[in-house]
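User: Please take a close look at one part of this model, the strands of the first chain, and then set that part in the context of the rest of the assembly. A connected account would be preferred to a list.

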Amino acid sequence: MTLLSTHGLQAFYGDAQALFGIDFELRPGELVAIIGANGAGKSTFLKCLTGLVKAPRDAVRFKGEPIGGLPPGQIVRRGLALVPEGRRLFPSLSVEENLLMGATVGRQGPWNLRRLYALFPILQERRKNPGTALSGGQQQMVAIGRALMGNPEVLLCDELSLGLAPIVIREIYNAMPGITAEGMTVVIVEQDVATAQRVSSRLYCFQEGRVSLSGASASVTREQISRAYFGV
Amino acid sequence: MLTDLLLQAALLGGLYTLFALGQSLMFGVMRLTNTAHGDFIVLGAFGGIAGLVLLGASGEAVIVVSIALLPLAFGFGWALQRYVLNGTLGRDPLPSLVVTFGLAIVIQNLLLELFSADPRSIETGGFNTRSLALGGDTAVGALPLVILVLAVAATAGLQWLFSSTAIGRSFRAVSDDREVAELMGLHAGKVYALATGIAFVLVALAGLLQAMRTTVSPADGPLLLLFAFEAVIIGGMGSFWGTLAGGMLLGLAQQVGFRLDPGWGIWAGHLVFLAVLVLRPQGLFPKTR
């Protein structure tokens, strides 16, 4: 059974084409990684899934229904939440207020403030601070928590490790089992190939707006990946 | 003498604060500079005057009309934002300036056509001339005191709404990052409409009180806009207590000017405004986070 899929998805920024026919499939409970060089179209792909970049209606299907190009608010209400690149916390909101914004969609599920503070205890300690007063890793926790508060079925994470120290990246990814244990389906876009391969069950490699490699993370080799990454 | 000066300054400042709060709210939530703001205040005043023509002038009618006008103003502001002003928002501030400037001209001429250029006021059955003696030779007008109390209450109310409620949280979120706010399921257009609805309640209140305190005529809008704008800029964009402080400082400057020479009051206010722009362009209390 397929939860989320794209079929020949193309995307444009004005006249410039960013995606050239992406076929992608996500099954319930999976953790799938998307890797690829800068400008390969990974972030654009996530933006198409969440309605931030226009897509043809039938090119994106979620639980059997076409959702391409719907407004972002409608897509998140159906259960597809994005942790945006660069975290993008609301600077004038406190940590807790940022988290509460995620609950605006009003979906029921296991995630609430209490569960989230159990997953990331440091956020409870700093819940009154402005979101942007936290360290990069803590801000990333807030961004993940904010998306979880909407109790999505699919969590899309864009570049969680961007600008973070390796030890912090490890800490963030160590929280992943606590998230997927509830049956959450997760897509991570990741520059760090080793991390992506370690935490995911399947991976896709994008190159210049096309899928250059896909397969089970454990079975793809370093050579295959570097060929798919750089096209050499 | 000094007490009296400060008292009169605070009373005038309260009025300017009420003029300015709606503008401050709209700018804070959606970076929209409404150049028709003063004309909407005048429109609110004439809305009250028209209501009293229908109901007949009496103390009770003034209260009924005032209370009835506020929800009407909310609906008007909501619809104006939702169906007109939202279409002008974007990276470029010019469309919203041009459209609100156009609205200002339309309102002025519409009011001129309907009510002529005669100055009019709302008769409050003598309340506007009543005063309270404070001992010595100091006295305050009852109406200006009511205006000051309403201004402080409106400021505190808006600040509370912004900092402690879900509505305020959504105002701040769309103001910070509209795209991410929409990713959270917020409809920015509806949030903006709510903000403008609330702003227009304050606009109507300011118009009613202005017409009770003195007279209004269809061409008054631009000067009221200027006072509102000066109070917002002096106080610092995005801070309601700052707007209150800005209104008070403007009131003080004008009162000092009036005492030096009756022709200097407004001019002294402009001078203080210019001085703040030069010395502290971000205003006295800009939003710090």
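Analyst:
**The strands of chain A and their surroundings**

A:Phe12 stands opposite A:Gln17, a residue of β2(A). The model in which this pairing appears is a predicted one. The pair belongs to the junction of strand β1 (residues 4–13) of chain A with β2(A), where eight bridges join the two strands in the antiparallel sense. These strands are part of an open sheet of four, arranged in the order β2-β1-β4-β5 (chain A), with antiparallel pairing. At its edges lie β2 (16–26) and β5 (65–66) of chain A, each of which pairs on one side only. Helix α1 (residues 42–50) of chain A packs on this sheet and touches β1, β2 and β4 (60–62) of chain A. The direction of that helix makes about 70° with the direction of β2(A).

Strand β3 (residues 31–36) of chain A deserves separate attention. Strands of a sheet pair through backbone hydrogen bonds, in either the parallel or the antiparallel sense. With strand β8 (residues 185–189) of chain A, β3(A) runs parallel, and four bridges join the two. With strand β9 (residues 202–207) of chain A, β3(A) also pairs in the parallel sense, over five bridges. A:Ala33 takes part in both pairings: its bridge partner in β8(A) is A:Ile188, and its bridge partner in β9(A) is A:Leu203.

How many of the six residues of β3(A) are buried? Six of the six are, and the strand is described as mostly covered. In a regular strand the side chains alternate between the two faces of the sheet. In β3(A), A:Leu31, A:Ala33 and A:Ile35 lie on one side, while A:Val32, A:Ile34 and A:Gly36 lie on the other; all are buried, and both faces are thus covered.

The account now turns to the contact between the chains. In that contact, 20 residues of chain A meet 14 residues of chain B. On the chain A side, the elements that give two or more residues are α2 (72–78) and α3 (95–102) of chain A. The residues of this side comprise 12 nonpolar, five polar and three charged.

The largest nonpolar core holds 155 residues, and those that touch the most other members are A:Leu155, A:Leu156, B:Leu18, B:Phe19 and B:Ala195. Helix α8 (residues 188–213) of chain B supplies the largest share of this core, 18 residues. Leaving aside residues up to four places away in sequence, B:Phe19 touches B:Ile41, B:Ala206, B:Leu224, B:Phe227, B:Ala228 and B:Ala231.

Within chain B, the axes of helix α1 (residues 2–30) and helix α5 (residues 142–164) come within 8 Å and cross at roughly 35°. The crossing of α1(B) and α5(B) is left-handed. Among the residues that meet there are B:Leu11, B:Gly14 and B:Leu18 from α1(B), and B:Leu148, B:Ala151 and B:Thr155 from α5(B). The residues of this contact divide into 14 nonpolar, three polar and no charged.

B:Met1 lies in the segment before α1 of chain B. Is B:Met1 buried or exposed? B:Met1 counts as exposed because it has 8 C-beta neighbours inside 10 Å, and the limit for that class is 12 or fewer. The C-alpha atoms of B:Met1 and B:Asp137 are separated by 9.2 Å, although the two residues are 136 residues apart along the chain.

Notes
Residues are numbered from 1 along each chain as its sequence is written. Chains are lettered from A and ligands numbered from 1 in the order in which they are written. This is a predicted model: local features need pLDDT of at least 70, side-chain atom pairs count only at pLDDT 80 or more; totals for chains, interfaces and linings use all residues. Two residues are in contact if their C-beta atoms, placed from the backbone, lie within 7 Å. Ala, Val, Leu, Ile, Met, Phe, Trp, Tyr, Cys and Pro count as nonpolar, Asp, Glu, Lys and Arg as charged, and the others, Gly among them, as polar. A residue is buried if 20 or more other C-beta atoms lie within 10 Å of its own, exposed if 12 or fewer, and partly exposed in between; C-beta atoms are placed from the backbone. Two strands pair if DSSP finds at least two bridges between them. A nonpolar core is a set of buried Ala, Val, Leu, Ile, Met, Phe, Trp, Tyr and Cys residues joined through C-beta atoms within 7 Å. Axes are lines fitted to C-alpha atoms, for helices over the stretch in contact, and angles run from 0 to 180 degrees between N-to-C directions. A crossing is left-handed if the near helix is turned anticlockwise from the far one by less than a right angle, and right-handed if clockwise.
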